[in-house]
Amino acid sequence: MRYPKALLGAPLFFSLMQALAHHSGAMFDDSKSVTLTGTVNAFQWTNPHCWIQVLVPGPAGSVEWSIEMGSPSLLVRGGWKPRTLRVGDPITVVIHPMRDGSRGGLFVSATHTDGTPFAAPPSQGGT
Amino acid sequence: MDGRLSVTRRSCRALEAHHVLTRGAALCLLAVALAAQAGPNSAARVRTFAALPDWSGVWQSAAWPLDISGRPPGGEAQLRETLQLIHPPPYNPTWKAKYEEGLKNTADLAAKNAAFKACTRSFPALMEAPWMFQVVVLPEETLLVFENNQVRHVYTDGRDHPPEDELWATRLGDSVGHWRGHTLVIDTIARKQEPLAPRAWLSMLSERAHFTEELRMTNKNELEDVLTIDDPLALAHPWRMTLTFRRVKELTRVIDYDCTENDRNPVVDGKLIITTP
């Protein structure tokens, strides 16, 4: 059965507003990337998401940002481990920020302050 | 002939009568007869086991190649190419009219999308979900064990679906199967009525929806599931699609995905937020 193009486009448009596995991605502004430099305050190795809490120094003192990542299974696939980050580690993180202006965002990348990555994907052990 | 064997033989013949298979029904009868005589390590069961394919490893829908942020690297454009259940079903005129009426409520659709979160899927959406899974092939059943702790049981011991008065709708439905060579043919009924998949909020099916799958390995790193959805009340014709699964080479075990462990994304006033730890 053929549908008018306009009808085909509508559900797809709405369905594709989110691209995250677990929940809608509408909360994050994909058009913006923000770079944060600070220190790790916590690294939560948990489901459904891992989180990096970053203390970012500012004129009025440090403020804490919450950085959302994928699940542990996805991080392991990307070469991350539960102790890849430790409290106090200097870190530079790039995020897509929250649209509501709160201090949080979706993880894009993370490096040591010298620009080297924290983790690399493991060699593929499967056959 | 014991009672169990008699029942399972009837089930195999029922498959034949439904034109699910003919040669397969004969093989089914043979396997059931062997299993009926077999203990767990009997030569007959070992031979049956040895003839089944090895689908061990960790698998994931090819529709969801996720990065460590939990999203496809290609973003929305990638999903547009890969997800199939989000497309409009081939409805008959009556159901098409209902679907098109629902499309007019753009505010409701937008709200559902903005606040969407899910830790489980109903069938068949589970087969197009982002979660990794393991396939456990046994002579008596095949289990699809997903990292989010959902499990599909596909019984291959020759049984039929439960009789109508012992059957009720569930999110995964009731599945029985049989082997046609190294292809697992799955028959699923009694799916609970809810949107066909997340993001496809208007795609409903009736209680008469009937699903057939042909699951096979196409190469050592790929499984294929040819899914046919039939619904005499809702669809103009059967809806056929091919779902593909890729071996997750980086993982040698399924890692637990307990969605309730640390959920920091509550919905407040219709929007997802981030809470502080």
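**A tour from a strand pair to the chain contact**

Select A:Ile52 first: its bridge partner is A:Ile67, in strand E3 of chain A. This is a predicted model, with an ipTM of 0.83 and a pTM of 0.85.

Next, extend the selection to residues 51-56 and 63-68 of chain A. The former are strand E2 and the latter strand E3, and the two run antiparallel, joined by six bridges.

Now show the rest of the sheet. Which strands close into the barrel, and in what order? Five strands of chain A do so, in the order E1-E2-E3-E5-E4, with mixed pairing. Between neighbouring strands of this sheet the average turn is 55°, direction ignored.

Move on to the contact between chains A and B. Chain A puts 55 residues into the contact and chain B puts in 57. To find the elements on the chain B side, select these stretches of chain B:

- helix H4, residues 75-82, which gives two or more residues to the side touching chain A;
- helix H5, residues 93-103, which also gives two or more;
- helix H6, residues 106-114, likewise;
- strand E11, residues 271-272, likewise.

Colour the chain B side of the contact by residue class: 30 residues are nonpolar, 18 are charged and nine are polar.

Finally, colour chain B by pLDDT. The chain has a mean of 88, and 86% of its residues reach 70 or more. Where does pLDDT stay under 50 in chain B? Select residues 1-21: pLDDT stays under 50 over this stretch, for which the model has 35 contacts beyond four places in sequence.

Methods. Residues numbered from 1 in each chain as written. Chains lettered and ligands numbered in written order. Predicted model: local features only at pLDDT ≥ 70, side-chain atom pairs only at ≥ 80, totals over all residues. Contact = placed C-beta atoms within 7 Å. Helix = DSSP H or I, 4+ residues; strand = E, 2+ residues; numbered from the N terminus. Nonpolar A, V, L, I, M, F, W, Y, C, P; charged D, E, K, R; others polar. Pairing = 2+ DSSP bridges. Axes fitted to C-alpha atoms, helices over the stretch in contact; angles between N-to-C directions. pLDDT = per-residue confidence, 0-100.
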